[in-house]
Amino acid sequence: MRTSARKLVALGAVLPLGLALVACSGGSDGGSGGGGGGGGGAEGDNTLTVWAWDPAFNIYALEEAEKVYQQENPDFTLDIQEVPWEDVQTRLTTLAQSQQTGELPDIFLMQNNAFQKNVLNYPDLFSDLEGSDVDFSEFPESVVAYSTVDDVHYGVPFDNGTAVTALRTDVLEQAGYTVDDFTDITWDEFITLGEDVLAKTGQPLLSGQAGSADLPVMMLQSAGASLFDEEGNPTIVDNEALTAAIDTYQRLVESGVLVEVNTWDEYINTLVNSTVAATVNGVWILGSIQSAEDQAGKWAITNVPSLDGVDGATNYTANGGSSWAISSNADVELAQDFLATTFAGSSEFYDTILPGAGALANWIPASESDVYSEPQEFFGGDAIYSKVVGYAEEVPSNNTGAYYYEGRDAVSVAITNIMNGTDPEAALAEAQSTVEFAMGG
Amino acid sequence: MARPTATARRPVPEDAPVTGTVAAPLPPRPKLSRLERRKSLTGWAFLLPASLLILWLSFWPMIQAAILSLQTGRGTRLSFAEPLWSNYQRLLEDETFRLTLQNTFIYLVIQVPLMLIMALVLANLLNNPNLRFKSMWRTAIFLPSAVGLVSYALVFRTMFANDGLVNDLLVGVGILDSPVNWLGQTGTARFVLVLGLLWRWTGYNMIFYLAALQTIDRSTIEAAKIDGASSAKAFWYVTVPQLKPMILLTAIMSTNGTLQLFDESYALTAGGPANTSMTISHYLYQVSFRNSPNFGYASAISYVILIIVAALAVVQLKVGDKRD
Amino acid sequence: MQKVPGYVFLAFAAVASVFPLYFMVVSATNTSNEVLASKLLPGTHLLENFQTLVGAQPLGTALWYSAIIAVGTTVLALAVTSIAGYGFEVFHTKAKDRFMALLLLAIMIPFAATMIPLFRMFADLGLVNSWIAVVLPAISTPFLVLLFRQASRSFPHEVIEAARIDGLKELQIFLRIYLPTMRPTFAAAAVITFMTAWNNFLWPKVVLVNNDVQTLPMLLTNIQAGYVTDYGMLMLAVLIASLPAMVVFLALQKSFAEGITGAIK
């Protein structure tokens, strides 16, 4: 026992020394570009470091993009680091706040909703895309808008967030309907149809996370409205489209056409377990839908319902989506060229990742390829992908700004309170003042 | 972050009765001789590595946070506020801060006493020399403490889903007529959060009591019983007073842990519905990393937490003192 | 003693404690959809989940770094705080008491508040991405210093005096006389430190900016970040991530209890 204690102490005495040594070597390591990989030292070595999440989706796409780019640049490699979105945000904030941008990767993926917030608060994190070969007119305007600040482009759109209504054709059939009955309709019509389906089959059409603003905000954007005006001031009160969206949401729940669940897991569960017969969400939801292999051939997609009696109402909107940003620590030339050649310039690339991961392009020329117009058996032989890219072009723009999350969270709280009986006008006024408070001081 | 781990929980300062009453009385200290002074210096040398690390890695950032709390501005565009305390002034008008503070106090008032009483009762049961399978019980009840945040939030979320296990069981047995929307209502969401905390931390505190119980002379308890006291009375009047130092220690540790509670609010209920289960530390995180970052304000929030923890620790020590 | 209610309460507490763990274990053997449907019986997909997990995430590397960080933190923490705790008690002065009270302030401030300054400090030292940056802030906690100080109270001062008369240096007394007798306290401190370090979550994911160094809790969040989550695989990962801390407790639990007892005597 005495020996073991002595060993422990010896270890304790030696370790600080060892630490100091490692610390030194660690220090030089970081200096030579071990951190971001991109930084000055690494320039010209034909490697780009990228932060992204979701191996089955974004990271898979990166790997394919690497292969495509290697055809012209055989020495090129990507160092892909898997980082969940929330951690990307935490890291970016920490690096910017402590002014350590030297640790940034060359490229990082960013949620569209967070893009403006980060560019406005931390311009030091980004390199803009002006002067690159990316042709932004080849992307839908509403998508480019997320990553554009003061007419300067900071992001190459990737993950497509265009909204679709996905429907179970077998359930509709029992109630005597087809997908056409749900195409180009309004939410009032949707509720009427939903009540009928519920009465005839016992199945609600929709499910959604209680307290989530996803669906109402999608409705809001479908009418070209936002939670903020162009100057970034909150427009939560006296917002005709928002009032209509929340009213619609309330009627969906009260009529039983939409069942509320609590977590994302439960929401997915309602789809794969056939609890509900439809969902309205970003096109990426199809990945989860397709995980229920026994439902192959029973799904179809169409556009989303429009708000009744609101100016500028359309049947198109979006939820989520993300774009690539080039960091201020990047080998900018290489990073721009890589993005321009792949995500903003290669049909071959998009033709690979569509069947491979269901990753749908925002890059409009991609939709002209045969792969996009191929019928999808899971969706009853419909060429859903070219259809969705078509929808994408119709989506109205949405102002996000630096306080988007504050706005969205405040509206979520308002919706929860309204569902519990608070007067909508009062709840929205409170949301407005919450956001105004957050913006002050 | 503010997980109420052992190291994050505040132990007792020196002049606390905790140490005062339990510690063997120290020999009186005469004025320092030269030898004594040299020994004292050796003593300081012994403290050096640990103290330097604490000063460097805790106090220095703490001071910087204090300076930050006097600054306003978003992102990196920070400047000193006018007046300097305006972030603290702002807290008074912040409805979300008030709500999260209130939530945190609800957890504190309900969960901490409940947990400590349960831990105390369990420890007392386990301390019975005639108990069988002692180490099995102890192990089973302590094991949850070893489970990480992500893991346990996930398990609890799945169990308390609308069509989850708990509803299935309660409806199946007939206790409930229809499934309860556990995480979707303020009361039940807070309840699930408290339940999670109890699950995770009761065994941990029990181990502390169990250890303390082993130092108590069993003959005092036997004597009380011979005098006609029931088991419950003997426990309350003989055992508990002797455990007071440990109860105080765990109370202060748990108070600190609860006031800095983050993980459960973030991962289990996500603060919902409508922020009614969100804790202050969770709000602090939102202000720093989710919203348009406002680190000056976030630092002010953190200092309020610090002040409350310190104040409650002092109160607990005073109350602990009086009953002596 | 009211035997029956006692056993009933114990059994209730034990079942309630173990049940979620049982669910975790069972889920690791089921498919994603079965987990979501709260299936309570063991399934046959354990191997499949394991293969998916190993294929999707660098499990081995993460286990390795988690182990380095947890073991490194524990060893260093014991070395640094035990000698400090001893120093506070054996060389007791009023000044040292006040100093101890001051140190204790350090655990009252939420970590999110000191994170940015701390990050800046490590970045200036070139230690970002290094396991050292994860280990260093976790080494010296006032709680452990206090634990060791309290434990030192039960250590007889006469023994120290005798050793001094024998001509032993103060450090030698600590190493040769004190250390060997304090094994339970070390066990207690080791369990607490290891569990905390093993489950540490926010700081590693901030300071390990490069994924060459990843810990297990970081992997768990990776798994949940996608559009589609495989819950069977996730539960298996959760199980693997929880096991080492449990094993350490089981191995040291007897000494652990004694150690805390020593600290409050």
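How many residue pairs are in polar contact between domain 1 of chain A and domain 2 of chain A? Keep that in mind as you read; the reply is in point 3. Please remember throughout that this is a predicted model.

1. Let us begin inside chain A. The domain assignment splits chain A into domain 1, made of residues 47-160 and 320-368, and domain 2, made of residues 162-318 and 398-439. Notice that each domain is written as two stretches of the chain. Taken over C-alpha atoms, the centres of domain 1 and domain 2 of chain A lie 28 Å apart.

2. Now look at where these domains touch. On the domain 1 side of chain A, 14 residues are in contact with twelve residues of domain 2 of chain A. Together the two domains bury about 1,100 Å², and carbon and sulfur atoms give 51% of that area. Three residues are worth finding on your screen: A:Asn113, A:Tyr146 and A:Asn160 supply 45% of what domain 1 of chain A buries against domain 2 of chain A, more than any other three residues.

3. Here is the reply to the opening question: two residue pairs are in polar contact between domain 1 and domain 2 of chain A, with both residues at pLDDT 80 or more. The count of salt bridges between these domains is zero. Helix H4 of chain A, residues 112-121, gives the most to the side of domain 1 that touches domain 2, namely six residues. By class, that side of domain 1 of chain A holds five nonpolar, seven polar and two charged residues.

4. Next, step out to the two chains. In chain B, 32 residues are in contact with 33 residues of chain A. The area buried between chain B and chain A is about 2,600 Å², with 45% given by carbon and sulfur atoms. B:Thr76, B:Phe289 and B:Arg290 supply 23% of the area that chain B buries against chain A, more than any other three residues.

5. B:Arg290 deserves a second look. Its side chain meets that of A:Asp409 in a salt bridge, at 2.7 Å from N to O. The rule finds one salt bridge across the interface of chain B and chain A. Between the chains there are also twelve residue pairs in polar contact, both residues at pLDDT 80 or more.

6. Finally, which elements of chain B give two or more residues to the side that touches chain A? They are helices H3 (86-93), H12 (280-290) and H13 (295-322) of chain B. The largest share, five residues, comes from H12(B). Sorted by class, this side of chain B has eleven nonpolar, 13 polar and eight charged residues.

Methods: Residues are numbered from 1 along each chain as its sequence is written. Chains are lettered from A and ligands numbered from 1 in the order in which they are written. This is a predicted model: local features need pLDDT of at least 70, side-chain atom pairs count only at pLDDT 80 or more; totals for chains, interfaces and linings use all residues. Side-chain values use heavy atoms; hydrogens and water are left out. Contact means heavy atoms within 4.5 Å. Buried area is the accessible area (1.4 Å probe) that two parts lose on being put together, summed over both. A salt bridge is a side-chain nitrogen of Lys or Arg within 4 Å of a carboxyl oxygen of Asp or Glu. A polar contact is a pair of N or O atoms within 3.5 Å; within protein, one must be able to donate a hydrogen and the other to accept it, and residues adjacent in sequence count only if both atoms are side-chain atoms. Helices (H or I, at least four residues) and strands (E, at least two) are DSSP runs, numbered from the N terminus. Ala, Val, Leu, Ile, Met, Phe, Trp, Tyr, Cys and Pro count as nonpolar, Asp, Glu, Lys and Arg as charged, and the others, Gly among them, as polar. Domain bounds come from an automatic or database domain assignment.
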